[in-house]
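Colleague: Could you take a close look at one part of this model for me, the helix packing towards the start of the chain? I'd like to hear how the pieces there sit against each other, in one go.

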Amino acid sequence: MGKALDGVRILDFTHVQSGPTCTQLLAWFGADVIKVERPGVGDITRGQLRDVPNADSLYFTMLNHNKRSITIDSKHPEGKKLLEELIVSCDVMVENFAPGALDRMGFTWERVQELNPRMIMASVKGFGPGPYEDCKVYENVAQCAGGSASTTGFDDGPPLVTGAQIGDSGTGLHLALGIVAAIHQRTTTGRGQRVMAAMQDGVLNLCRVKLRDQQRLAHGPLKEFPQYPHGKFGDVVPRAANASGGGQPGSILKCKGWETDPNAYIYFITQAPVWKEICNVIGKPEWITDPEYAKPDARLPHLKEIFATIEAWTMTKTKFEAMAILNEYDIPCGPILSMKELAEEQSLRDTGTVVEVDHPTRGKYLSVGNPIKMSDSPTEVTRSPLLGEHTDEILRDVLKFDEGRISALKASGALTAPARSAAE
């Protein structure tokens, strides 16, 4: 069966997380992703957080499935020529270098257009045009600059970053959508274009409900926040602890075993349509008709007491027992699942959301699979490439070089790391 992006060739200049997330997703959809790496070193994450000696780290392997690797010294004259020929042969070029790095390599947008007018040049940047556009940005910087950290945490504590990589991986997902849209537009215009996703913009897009709340503040307190009615609201959106962002009050509650298990908790939403069922389950049938509790607005001043009462019930059940009971009555809830529990969840293996991959130097490891399922474009997750593993193959099959040219290129030193002097 064919894949959605069969026939699309990606020149992958990305490294670390934001760019590789994007190109891995495109590879899962069937694109031929050619990862260009520095000879002898490669993507810096190959050696970061390494847990198996002399093997690529999980940081690298989990972001670079289904790709081919070629090593090229971009500073070598023959290496630069080789990159130009790859630009001519590819459809999309993706990069997440620091601001200005690609221009310094000689690959400005104007030069890329000269080489290949159909080329789509896609970039992850930290900030868009403005006062910070030349600043380097990493995951947690993006979370802070995009509004996530200021709205995460408890009201009496500091801002918090989230464990979800919404700055890096989140921006990579945004960029992938932009690339697919540009490929589609090229079918009618015949032209390539620049695609840019700024990490600040991507995080803010994921925080849109907080921008909503910032504007609501002008018209009175945010009644669904735990600060209401006893706390004070200033002129910025406060941190809302574990309150739901959608208007239906929610909270994380302890379950049986919480004293020893840091994840023995459940998220519980007191959704208005099932209030009667909630009251019956927790043994408070009188709340169904009590005017202090019967209507959603009446309940808001009592949320602390309501969740304390619900928690007294959840603490008598494991999170899975509570889930089973609550789901009988369509009461919205969710277990706090640890990474260990997710890794062992068979249903996620069955759907390909979690996959086991075999690697020649590190053995078997678990990775995330494609989170997007398509009926006509199934995803097969193949292992990440070894450094430079496909160099000969790409020169022969993509650029159509003969053995003589390949040998000459190797002899020139354009494919290998420069020799270090004794002084170094």
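Modeller: Helix α1 passes helix α7 in a right-handed crossing. Keep in mind that this is a predicted model. Two packed helices are described by the angle between their axes and the distance between the axes. For α1 (residues 18-28) and α7 (residues 168-189), that comes to an angle of about 45° and axes 7 Å apart. An angle under 35 degrees would count as roughly parallel and one of 65 to 115 as roughly perpendicular, so the two helices are oblique to each other.

As for who touches whom, α1 brings S18, T21, C22, L25 and L26 to the contact. On the α7 side the partners are D168, S169, G172, L173, L175, A176, I179 and V180. Sort the residues of that contact by type and you get eight nonpolar, four polar and one charged.

Now follow α7 to its other neighbour, helix α8 (residues 199-206). Here the axes come within 9 Å and cross at roughly 95°, and that angle makes α7 and α8 roughly perpendicular to each other. From α7, the contact uses D168, T171 and H174; from α8, it uses M199, G202, N205 and L206. The make-up is two nonpolar, four polar and one charged. D168 turns up again here, having already appeared in the list for α1.

Just before α1 in the numbering there's strand β1, at residues 9-13. Four of its five residues are buried, so β1 is largely enclosed by the rest of the structure. The strand pairs with β2 (residues 32-37) in the parallel sense, over four bridges. If you want a spot to click on, try L11 of β1, which stands opposite I34 in β2.

To put all this in context, zoom out to the whole protein. Its secondary structure comes to 17 helices and 11 strands, and the C-alpha trace spans about 85 × 55 × 45 Å along its principal axes. Of the 424 residues, 43% count as buried. Take the contacts with a separation of 6 or more: residues 24 or more positions apart account for 65% of them. The contact between α1 and α7 gives you an example of such a pairing, with residues 18-28 on one side and residues 168-189 on the other.

How values were computed. Residues are numbered from 1 along each chain as its sequence is written. This is a predicted model: local features need pLDDT of at least 70, side-chain atom pairs count only at pLDDT 80 or more; totals for chains, interfaces and linings use all residues. Side-chain values use heavy atoms; hydrogens and water are left out. Axes are lines fitted to C-alpha atoms, for helices over the stretch in contact, and angles run from 0 to 180 degrees between N-to-C directions. Angles under 35 degrees count as roughly parallel, over 145 as roughly antiparallel, 65 to 115 as roughly perpendicular and the rest as oblique. A crossing is left-handed if the near helix is turned anticlockwise from the far one by less than a right angle, and right-handed if clockwise. Contact means heavy atoms within 4.5 Å. Ala, Val, Leu, Ile, Met, Phe, Trp, Tyr, Cys and Pro count as nonpolar, Asp, Glu, Lys and Arg as charged, and the others, Gly among them, as polar. Buried means under 20% relative accessible area, exposed over 50%, partly exposed in between (1.4 Å probe, protein chains only). Two strands pair if DSSP finds at least two bridges between them.
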